[in-house]
Every structure is written in structure tokens, then in C-alpha cells.
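The following account leads the reader through selected local features of a structure. It is best read with the model open alongside the text.

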Amino acid sequence: MLMISPRMASGMQEKQYAPSLLSFFIYNPKFGPREGEEEKKILFYHPIEIEKNEKIRNVGLCEAIVQFTRTFCPTKPARSLHTQKNRQFFHEPEENYWMVMVVRNPMVEKPNKDGKPPTAEYQEEEIIDSVYGSVLKQCYSMYKLFNGTFIRAFEAGGVELLTQKLEKFFYRYLQTLHLQSCDLLDVFGGISFFPLDKMTYLKIQSFVNRVEESLSLVKYTAFLYNDQLIWSGLEQDDMRILYKYLTTSLFPRHTEPELAGRDSPLRPEVAGNLLHYGRFLTGPANLKDPDAKFRFPKIFVNTEDSYEELHLIVYKAMSAAVCFMVNAAVDMSREFCEQLDSLVGPQLTLLASDICEQYNINRRISGPEKEPQFKFIYFNHMNLAEKSTIHMRKTASVSLTSVHPDLMKILGDINCDFARVDEDEEIIVKAMTDYWVVGKKSDQRELYVILNQKNANLIEVNEEVKRLCATQFNNIFFLD
Amino acid sequence: MDQSQESGNMEEVRICDPSILPQCLDQTDVAYSDSDVPSENHCVNEDHRTPSDPEGLLESADPTSVEICQQQELLRDMLKLQTDEDRSLCAGASETDSGKASEDSALADSVHDDSGEFVVTMLAQGKMEEQGIGMEGALSSLSETGTPPGPPSHRNEDVTAESWRQHRKHVFVLSEAGKPIYSRYGSEEALSSTMGVMMALVSFVQSGDNIIRSVYSDEHTVVFMQRGPLVLVSVSSSRQSEQQLRNELLYVYNQIVSMLTQASITRIFEHKKNYDLRRLLAGSEKILDGLLNLVDSDPSLLLSAVHCLPLASSLRDSLSQILQKAITPNLVFSILIAKNQLLTIVQEKMVIDDARLEPADLHLLLNLIGASSAFQAGEIWTPICLPSFNPDCYFYAYISYLDPPECTVCLVLLSTDKEAFYSVAECKRRIEEAMQTQNALSSIAKAHSYSVSQVGVSDLRHFMYKPFDVPDNHRQLTQFTSPEMEAPYNSEEEQMRLLDLYRDMHGRIHSTSRPLKLIYHVAERETLLAWVTSKFELYTCFSPLVTKTSAINAITKLLRWIKKEEDRLFIRYPPKYSTTPNPSKSSKGDAH
């Protein structure tokens, strides 16, 4: 919880606290409409230790806020409530189902003399609504990916089943929320695409086609390299949340064996197979194991219309990972997995080294990268393509940024300004620290640049950004 | 002072005889009996208030009550407050007998004056016309009937209609007991349940040892602000920053303080928690309406700076000299206004050593004058509090137009002495005389705002410039200059749009947590640049196709032009006079 190391202020210690999750709850006002039944509204409440009446009060406040804003616009109720100590975010993903996330404002604790309790100073303007609103929406998307909609669960097994599912999912998921490091990338929820030449891209496409043809059970396929997407047969919104799961949860849990080198004991499954480096990231850890279980996580896609439930098979060879999605109604067998392993393993190993080679050639051509004068984030709303040179590798827990948090928040502000109008816009600002921040929006694309040239003037900044656009955005986004 | 006038006759006497003007409040016992509430008998009942039912709002059998009950019930369900803890929930509905009792006891010492109410009485336009307030022969110019104020603009709107919801910005003022005090649109009665909900939200969050700040929806920003016993709420679809909306609410609060003083408001509610403040503010809705229109349309409130009418410095100097010569003891500010812009302001030396006049106070004063056409008749002598200067004390303002019937040039003389009406009126006579001799009125009439074309930069459409490097800066009014809005900003709509763009930039550049130095914004229909330095604050609007190079050049030219014209655009050296050998005892220090 302690973010920045305590700094010394006139001999006394000040503690800085980052934003943190105070509570998270889900309710449906229709479930307990009568007085005395309010508790029935509450489907999930974190932290669980909160006393019943307190829960009821907090839910009541949310209902009142939502109802109050309907006085002024019946169709657009409250999204957030700002108070001195915290921010509450409201989201109604399905009719009458409300999700609420309460985030404590960052705070500085100043010690008092004479043994008095320290004074807390809340920093009320630090949290950006659009960022945390997106985090809440992402919570729902992630729940839905693995559990389907609230309504389906309710229809299938009543409140009991629904609350069971909610508890099972959110109990773990909420621990993985890292509210102190949320930023503009959470708003975009984008996908990083792997830059590739046409030939290699075609190779991958034909690989996918071949596999889908041979394994007719496979309904959808997604191909990633280096945690970046190359090919996906899923709808964009489904891919976006699946991508989030893969890159922030599944892949980070499996990176160690690869880093560990070929002869390391950490790679038993590789040792058993000399033909290729393929292995399952979901399902059986080792096909040779006679007790291996062929159970895969189930995911729900296209919940708006066809509502499909699928097995998620993730298979990886070196840096290439492929997701195969199979109708959940079909039981997964040892035979199928072995067939998949023997078909995909060798091909994927080959492809992975092809891509790697190609990637290295490209890198060599563009020359050794010297620290550029700028850092940027790019996002394309049409294909969700995202690219950031501000963020170091996003790990399971934190995304490290290489710039000051205040600059990141300025990016968030500019993004909010862009969201107000549909037209193309450009905003250039000079921060108090003399950094220049440039935001460009054009035809569904947004580009944010932070320039480290403190003495530059507006015209020089403009030239610099022009150069950047010319060099960086010619052929990176092949899917455009 | 002689305060125990018979209440029946009070208004009349008060108005005509400055000698019974209210004392500083500290001395008076607060007593608010119905008998001395102006709204009972005099106030123009333009807003369909029901003075007969000033207390039991929610008990009343008016048609809104059904809805009220439903909403209240709903709320009670939602908030599940322990009823004994939270009285505000039931707002007016739970008016208790004890409340009535205290009111009764207040009746006992009823004759004591409450000065706040006097101001408000004075400001109620219809009433003044009715009574022919103007003194000194102005009576005849007022028609007996007085023009009934136009159709009560927004006050009797249907608050359930879509048109009501569509308003760009709602503002509500209520007391801590949840009693409605003011609503910009729709009557307070019809909105009492809504306001009850607001108060419930405020006190609910408070009960958790927290403070409610705002609520955001896709359409609206709702900002809550508590000041003493008053709660102010803004519901805006203008997308302004929370800070800006909060500032606007502060203007509203301060305008109320300017009429009642903060000390008096505090005391009223200490005495009786569910007092209906509308009784004291009756007739002043128009002033708050006017203020809110000003807030939306006049950038000077946004910039916290005063807009001066451009004037040849020689003319401005001679006007200042005229004011400087016409003085009397305890006179502290002499202000000359034309076309709602400042011509000149002269300040008493001693007072100004103490503190300076804040632009915010001047805005409130100007709004007060502008909102009440009654001031156009004759001379007005009214107590007014300047909240930034001292929220607990009154000045006495002498207000008179110098060019009836056009009424564009207005003289305001502020004194600390409530007895000084005659001597201050004499000052005005001398000022009028001197101005006649110099033919100043016709010179003033020729003065007007300027066109941006005078700057001579083709792509520049409009700007606002607020200097910080004025001589004697720390002692003078913050000012700004800005040309007329011209094509394409001719229509009210377009002007509002440009102001909104300025407001956006102002909000970002002055963000409390992430302030900026410069913003360059290329939008679809214009390009804007905002720039804050230690020397000035500048907002410019260019045509959309301007290049960054030419924008920079334009700004260089603009700054040069302003430098050249600064004597005409600004009051450079604020003139002073000395009226009081010993600083007046009723000025600032007194109220502590």
C-alpha cells in the first residue's frame, strides 16, 4: 500500500498512500424492494467482513445517487460520486444489475506532535474518472468472459448460483486489481499488435487455416507473438478482454520456464519432446502424464447474440502462442489434445523461429535504438491497436511507466478533452515541469507524445512530432 | 440607534429616512417574527410562492405533495437512515412543535430590526416602484402602478417537463434543514422534494465522516457546496470543471451574503434551524437569476478580473479627479460605471492600506445594480456587504444613474457611515456638476469597446488578456481586456460556444492538481491558445487554419499592441483620496 518511500519533512515522517480499493459490490434493487429485505439486493460485497447494516447503507447511497441524477436525465444516471475521501464508480452492465467500485483518494498522512493521531490530507483531484470507470467495466468484461452474463446465471440457478459465481470470481480477481498503476491504457483497453512483414503474416494466416481445417472442432483461433497479437478470429470486444487476460494473467504465470534456458529442470515437458517446443498453457501440463486432466477453462463470447460457451486451449511454442477455441459442449479428450500437439507443435516451433528471425532482421535494419527525445502512446479505435513506448513491459501486477505520474494524468486529461467531440483535434500543452505533451486525434486514431525538450518552443515541438509521425507510423499497423 | 420603530410603518420610513438604517448586526437580537417579514404584505408574489405556508412546505396539500411523498419514501428506503439520527431526511415534513415554539418566543422581541431584510426589501424592484422609493423628487417619474415585472420567467416552470431538464445549468440553494431557498428554474415548492434529496445526500455522506463533492453522469456534473448553514448545488451540462462550478456557487453564496451578511445568516439559523430564508430574500431571486446569467455570459467572473471600458487616459484621469474632489468623511470607494464596465474607481487611502477591493465584490455590486431596474430611478441608499472585503459588515451604497433616462452611466459611492446619505448625495451633486462643466457625459458616450481588427492580425478572432504586471499591482483591482465578439461569434449561441472553449482551457490551465503553462488547441472550427506567465494570462482564438508559426507571430504582435494601448485599456494608476483622518470605526476592523 505504501507507494512512495516515506519522505522526511522537517524531521517528521510523512506517509504517502496511493489510491486503493475500499470496497466493491454488486446489487440488484429489484431483489429486495421491500423494507427489511434490503440485504437481498446485495449479490456480492467486498470486503466481506463489513457489517450488514453498513453494507445496506452503502448500497442505499448508491441507489439514492443514481435515482437523484435521473431527476435531471432519466436515461443517463450517475457514473461516479466524488467525496473528500473516496470516489465511487457506478456501472450497470445489465439491466438493474449495478456494480460499484469505491476507491480511496490518494492521501498524505502528516504526523502530529504530542502524540496526536496523524492528519490525513486527501488528494481529491488525482483520480481520473475515465480511467477507473474503465477499470470497473473491465471487471465486468472479465467476469463475463469466464462466467457469462449475470442474467443467464440467475436464470439457470437463481440468486444462489449467481452469488456463488460472483464470489468465486471476484474473490480472486479483485486481488489482482492494481489501482495505483491504472492509466490511459486502461481507458483504451487496446491490443498491441506485432509488427510483421507481409510474407510472414501470410505464413501465419495459412497456418491458422490449415489447423482449423484439420481440427474441425476448432471454432476460433488467435495467434500471438511476444505477447502481441498477430491474428484473431474473435469479435473485437471478445478479443480485447481475452488479450487482457492472456497478457496480464496467463502468460506472466508461464514465462519462467522459457527464461530458464533449455537445459533447466524447469522445462520438463520440453525435455520429453525433442521434436518441438510446443506445450499447453491451459489444460494438461504434460501429455505424457497418465493422470493428466483434459480440462480447459471455459469462456463466453458473443454474449450479445449467439452466446457461445467455449473451451479455451492456449498452446505455446517459444514466443508464439495460439488460442484455440472449441465448443464447450464437446468433451475434450486425450486423443484430441495429442492430435493437436503433434499437428501444431512442430509447425508452431518452426513459425516461431521464422518470426524471430524476421523480427531480428527488422531490428537490425532500423539500427540500434538510441534513447529518443520523446515517448508516445498510440491507439486506434477501429482495430483497438495500441502501442506505447511509455510503458515498460506490463507484468501481471504492475505496468511500469517511464514518465512521471503527473504527465500520465495530463495524457488522461487530454484524452477526456478528445472524447468530448467527434472531430479531429490537436492539443499541445506545456506542463509546469516544462515537459511538452502533444495529443493528436485523427479519424479514430489517437496519438500522445511526451517530449523531453524543456527548452523547445511550440514550433520546434511541432516539428519533432511531425518527424515522429513520419518515422514511426508508416507501416507498423498493417491491419489498418 | 433608534430601532424600535413601529413595524407596520417600517418600510416606508426606512426608505425615506436613512437615519434608521440598520446598525451593524452584532448589536441586534435576531428576531424574525412574521410581522416584519416583508413578503407577507409587500413582496411581488411573482413566483407563486405561498407566503401563507412558509413553514410547512411538505405538509401542504398542494398538488406536488403526492410526488413529494413518493420521493421521500423512496429516499427513506434507499438511505435507510436511522430516523432519530437524521432529521434532514424529512426536511420540512418533520417540522416539530418545538420549532414553532421558538418562533413564538421570537415574536416577543420582534421589533428589533434585522438589517438583512431591509436590503432585500430595498432590492425588490416591484416594491420599490410601488412605493416610489426614489427620493428627492424622483417620485413623479415613477408611474403609480409600476410595471409589473415581466412574466415570471422560469419560476413557474413544470419541473417534471423535459424542457426543465434541458436547462444548461440549474442552481439550487437550500438550508441545512433541507428547506428550499432558491432555485434558478422552477418554484422552490415544486422542487422541495428534490432539494430534500440533495440535503439527505449531503448529510448522509457527512454521517460517514466524509464530505460529498460532486456526482458525474454522462450528461451532468452535480456539484455540492456547503457554506455555513447553506448548501448550494449546481447541476450543469456545461462540462465546466468542478472548480469553476464551485466558484460560481461561491458567487451565488456571496451574493446572498452581500444582502444579508454572513454573520446574520449564521445567527438566523443558530436561532432557528429550519428558518425559511426566503422570507428575507423575497424579491431577490431576480438578483440571483441575474448573477447566474452573468456567470454564464460574462468572462470577467471566470477570470476574477474587472473589465474596464477603454478610455483615453486623459479622460479617465479627469473623471478620477472629479471623484477625488467630491468627498465626504467615511466615503471609501467612488466608482463610475458605464455600459456595465468600469470607468474608474477611487479608493480611500486608509481603507486601501487595509485591504483592496476584490473583483468578486465589484462583480456582485455591478450585478446588483444591473439586476434591478429600480435603481434607474432617482437615488438609492442601501446597505451592502462586500463579502471578500468583510463578510460580516455592511457598507452603505449610494447608487445613482447620471444620464437618465438612458441609464448607462452609473455612480456608486460607498460609505462606512449609514447616516451619511445626505452628505454622500451632496458628493453626487458635485460630481454631476463637474461632469457637466467638462461635458464628460458625452465623452463617455463616445467611448466604446474595440474591435479585434484594431490589433491588425488577420487570423486573430478574439482574445482575453489579464495582466499581472500593472504598477502597484498588489493594491489594485485585477483587470482584463477583451475586444467585442465579432463574426463568426455574432449569435448568442456562438458567443456561448466560444466562452465554453475559453472555460475549458481556463479549467485545464488552472487545474488544482495539474496546472499547465500553455495550451494550444486545434479544433474543428477554431484554434485556441491559452498562456499563463508570471506577467500575464492570455486566451486567444484564431481561425482554424492558422499555422503555429503565424499564431506565435500573432501573439507577439498582440502583446506589443496591448503594451502600446495599455493606458487606454486599463486603469494604470488607481487614484486615491483621503476622507478620514482617523480610520472609520465602522470599517473593516470593527466587526471582529
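In this predicted model, A:Arg240 is partly exposed, since its relative accessible area is 26%. This arginine forms a salt bridge with A:Asp237, and the closest N and O atoms of the pair are 3.3 Å apart. A:Asp237 is itself exposed, with a relative accessible area of 52%, a value that falls in this class because exposed means over 50%. Both residues belong to helix 6 of chain A, which covers residues 236-253; being three residues apart there, A:Asp237 and A:Arg240 are separated by about one helical turn.

The pairing of A:Asp237 with A:Arg240 is an instance of a general principle. Side chains of opposite charge can pair when their charged atoms come close. Over all chains, a search of the whole structure finds 50 salt bridges.

Another salt bridge in chain A links A:Lys203 to A:Asp354, with 3.0 Å between the closest N and O atoms. What does this pair tie together? A:Lys203 lies in helix 5 (residues 198-214) of chain A and A:Asp354 in helix 9 (residues 334-365) of chain A, so the salt bridge ties together parts that are 151 residues apart in sequence. Both partners are classed as partly exposed: A:Lys203 has a relative accessible area of 37%, and A:Asp354 has a relative accessibility of 26%.

Chain B offers a further case within a helix. B:Arg497 forms a salt bridge with B:Glu494, the distance between the closest N and O atoms being 3.0 Å. The two residues lie three residues apart in helix 18 (residues 492-509) of chain B, which corresponds to about one turn of the helix. Is B:Glu494 buried or exposed? With a relative accessible area of 16%, B:Glu494 is buried, because buried means under 20%. The pair also belongs to a wider arrangement: salt bridges that share partners join B:Arg461, B:Glu494, B:Arg497, B:Arg525 and B:Glu526 into one network.

Charged residues also form a surface feature that involves both chains. A:Asp422, A:Glu423, A:Asp424 and B:Glu524 make up a negative surface patch. The chain B member, B:Glu524, is located in the loop between strand 14 (516-522) and strand 15 (527-532) of chain B. The relative accessible area of B:Glu524 is 45%, and the residue is therefore partly exposed. This value is compatible with membership of the patch because patches are made of residues with over 30% relative accessible area and no salt bridge.

A contrasting acidic residue is B:Asp296, which lies in helix 11 (residues 285-297) of chain B. At a relative accessibility of 6%, B:Asp296 counts as buried. The C-alpha atom of B:Asp296 is separated by 9.2 Å from that of B:Glu248, although the two residues are 48 residues apart along the chain.

Two cysteines of chain B are likewise buried. B:Cys393 has a relative accessible area of 5% and is buried, and B:Cys541, at 0% relative accessibility, counts as buried too. How many disulfides are there over all chains? The count comes to zero, where a disulfide would require a pair of cysteine sulfur atoms within 2.5 Å.

The backbone also deserves attention. In chain A, the peptide bond from A:His46 to A:Pro47 is cis, with omega near 0 degrees. A:Pro47 is found in the loop between strand 4 (42-46) and helix 1 (52-70) of chain A. In chain B, the peptide bond from B:Ala487 to B:Pro488 is cis, with omega near 5 degrees. B:Pro488 lies in the loop between strand 13 (479-480) and helix 18 of chain B; helix 18 contains B:Arg497 and B:Glu494, discussed above.

Positive phi angles occur at two residues that are not glycine. At A:Gln444, phi is about 75 degrees. This glutamine is placed in the loop between strand 21 (436-442) and strand 22 (445-451) of chain A, and A:Gln444 is partly exposed, with a relative accessible area of 41%. At B:Ser304, phi is near 50 degrees. The serine occupies the loop between helix 12 (299-303) and strand 6 (306-307) of chain B; with a relative accessible area of 35%, B:Ser304 is partly exposed.

Conventions: Residues are numbered from 1 along each chain as its sequence is written. Chains are lettered from A and ligands numbered from 1 in the order in which they are written. This is a predicted model: local features need pLDDT of at least 70, side-chain atom pairs count only at pLDDT 80 or more; totals for chains, interfaces and linings use all residues. Side-chain values use heavy atoms; hydrogens and water are left out. Patches are made of residues with over 30% relative accessible area and no salt bridge: like charges are joined within 9 Å, nonpolar side chains (Val, Leu, Ile, Met, Phe, Trp, Tyr) within 5 Å. Accessible areas come from the Shrake-Rupley method with a 1.4 Å probe; for residues, only the protein chains shown count as cover. A salt bridge is a side-chain nitrogen of Lys or Arg within 4 Å of a carboxyl oxygen of Asp or Glu. Lys and Arg count as positive and Asp and Glu as negative; His and the chain ends are not counted. The place of a charge is taken as NZ of Lys, CZ of Arg, CG of Asp or CD of Glu. Helices (H or I, at least four residues) and strands (E, at least two) are DSSP runs, numbered from the N terminus. Buried means under 20% relative accessible area, exposed over 50%, partly exposed in between (1.4 Å probe, protein chains only).
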